[in-house]
Amino acid sequence: FHAQGGIGLIASHLTLEGPIKKDRGSFMLSGRRTYIDILARPFFERLKDIGYYFYDVNLKANYKLGDKDRVYLSGYMGVDKFKFQNSRGSFKAEIPWGNKTATARWNHQFSDKLFANTTAVYNDYNFASNFSQNTFAIKLASGIKDYNAKSDFDYYTSSNHHLKAGVAYTNHTFIPNQISGNVDSIVLDPGNAFVKYAHETGVYLLDDFDHGLHLLRVARVRCLLQ
């Protein structure tokens, strides 16, 4: 196990890493956070609250299931946030945005020449603007959420051909400019009225041929024949 960290003028970070099981798997976890919002407070004494900061977290792990199977996991979450509040507290603004993503990959070796990677990916991005004045509040939000699955196959032939093939599918969810708010007891909440969905699929086949080695072998054959 190993730990490493640092404290800076505007940000600090920490990283942890070590084995999950000896000779089978390992992990790494890291995070950081800025404190610009705390350092800026003395310079804005006339305001009740103002600031900006961000933090993010990374995670990676791998595990060997057997001689021919390995699993890889990774994740990321990052958030930025700006906030403002006047001295009387009557007006408030908060603008957060960030991204979350996670990936799981399974690597399987069928033989010395054929192996496959099967991957599942989740991604979620959100942006929001929140404003309030006394009894009035409004929120404008947007986002994109994806679910992705794909399989890739690699095959190495004995004739300088590297064959690749795969299939992929992605489910998109788009949330453009969704508005909500309230004035006293009147509430505006359209729900998912603006949510859009899309599906994306793909199939590919690739033949990577090393022409240089092929010509070199042909030249060797000609020399032997002469």
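A residue is called buried under 20% relative accessible area, exposed over 50%, and partly exposed in between. The legends below describe close-up views of a predicted model.

**Figure 1. Ile179 in strand E9, a partly exposed residue of a nonpolar surface patch.** Ile179 lies in strand E9. Its relative accessible area is 36%, so Ile179 is classed as partly exposed. Together with Phe131, Phe136, Ile138, Leu140, Val183, Ile186 and Leu188, Ile179 makes a nonpolar surface patch of about 660 Å². Two or more residues of this patch come from each of strand E8 (136-156), strand E9 (161-183) and strand E10 (186-188). Strand E8 gives the most to the nonpolar patch, with three residues.

**Figure 2. Overview of the chain that holds the views.** The chain has two helices and 11 strands. Read from the N terminus, the order of elements is β-β-β-α-β-β-β-β-β-β-β-β-α. The chain has 226 residues, of which 23% count as buried. Of the contacts between residues at least 6 apart in sequence, 54% join residues at least 24 apart. About 15,500 Å² of the chain is exposed, and carbon and sulfur atoms supply 61% of this area.

**Figure 3. Ser129 in strand E7 and its contacts.** Ser129 is placed in strand E7, which spans residues 114-133. With a relative accessibility of 10%, Ser129 counts as buried. When residues up to four places away in sequence are not counted, Ser129 touches Glu94, Ile95, Ile138, Lys139 and Leu140. Two of these contacts, Ile138 and Leu140, are also members of the nonpolar surface patch.

**Figure 4. The largest pocket and its lining.** The largest pocket holds about 320 Å³ of space. It is lined by 21 residues, and those closest to its centre are Asn126, Phe127, Ala128, Ala141 and Ser142. At least two lining residues are supplied by each of strand E5 (69-85), strand E6 (91-109), E7, E8 and E9. Strand E6 gives the most to the lining, with five residues.

**Figure 5. Asn126, one of the residues closest to the centre of the largest pocket.** Asn126 is found in strand E7. Asn126 counts as partly exposed, at 36% relative accessibility. Leaving aside neighbours within four places in sequence, the contacts of Asn126 are Pro96, Trp97, Gly98, Ser142 and Gly143. Among them, Ser142 is also listed with the residues closest to the pocket centre. Asn126 and Ile175 are 49 residues apart in sequence, while their C-alpha atoms are 9.0 Å apart in space.

**Figure 6. The salt bridge between Arg32 and Asp56.** The count of salt bridges comes to two. In one of them, the closest N and O atoms of Arg32 and Asp56 are 2.8 Å apart. Arg32 belongs to strand E3 (residues 25-34) and Asp56 to strand E4 (residues 49-64), so this pair ties together parts that are 24 residues apart in sequence. Arg32 counts as partly exposed, at 42% relative accessibility, whereas Asp56 is buried, with a relative accessible area of 8%.

**Figure 7. The salt bridge between Lys81 and Glu94.** The side chains of Lys81 and Glu94 meet at 3.5 Å, N to O. Lys81 in strand E5 and Glu94 in strand E6 are 13 residues apart, and their pairing links distant parts of the chain. Glu94 is partly exposed, with a relative accessible area of 31%. Glu94 also appears among the contacts of Ser129.

**Figure 8. Phe153 in strand E8 and its surroundings.** Phe153 lies in strand E8. This residue is partly exposed, with a relative accessible area of 37%. Apart from neighbours within four places in sequence, Phe153 is in contact with Phe110, Phe115, Ala116, Leu163, Lys164 and Ala165. The C-alpha atoms of Phe153 and Asn107 are separated by 9.9 Å, although the two residues are 46 residues apart along the chain.

Notes
Residues numbered from 1 in each chain as written. Predicted model: local features only at pLDDT ≥ 70, side-chain atom pairs only at ≥ 80, totals over all residues. Heavy atoms only, no water. Patch = residues over 30% accessible without salt bridge, like charges linked within 9 Å, V, L, I, M, F, W, Y side chains within 5 Å. Areas by Shrake-Rupley, 256 points an atom, 1.4 Å probe, with all protein chains shown as cover. Salt bridge = Lys/Arg side-chain N within 4 Å of Asp/Glu carboxyl O. Helix = DSSP H or I, 4+ residues; strand = E, 2+ residues; numbered from the N terminus. Buried < 20%, exposed > 50% of the residue type's maximum accessible area, 1.4 Å probe, protein only. Contact = heavy atoms within 4.5 Å. 1 Å grid on protein atoms, 1.4 Å probe; cavity = no way out; pocket = protein on both sides within 12 Å on 5 of 7 lines; lining within 4 Å. Points joined across faces, edges and corners; volume = space filled by probe spheres on them.
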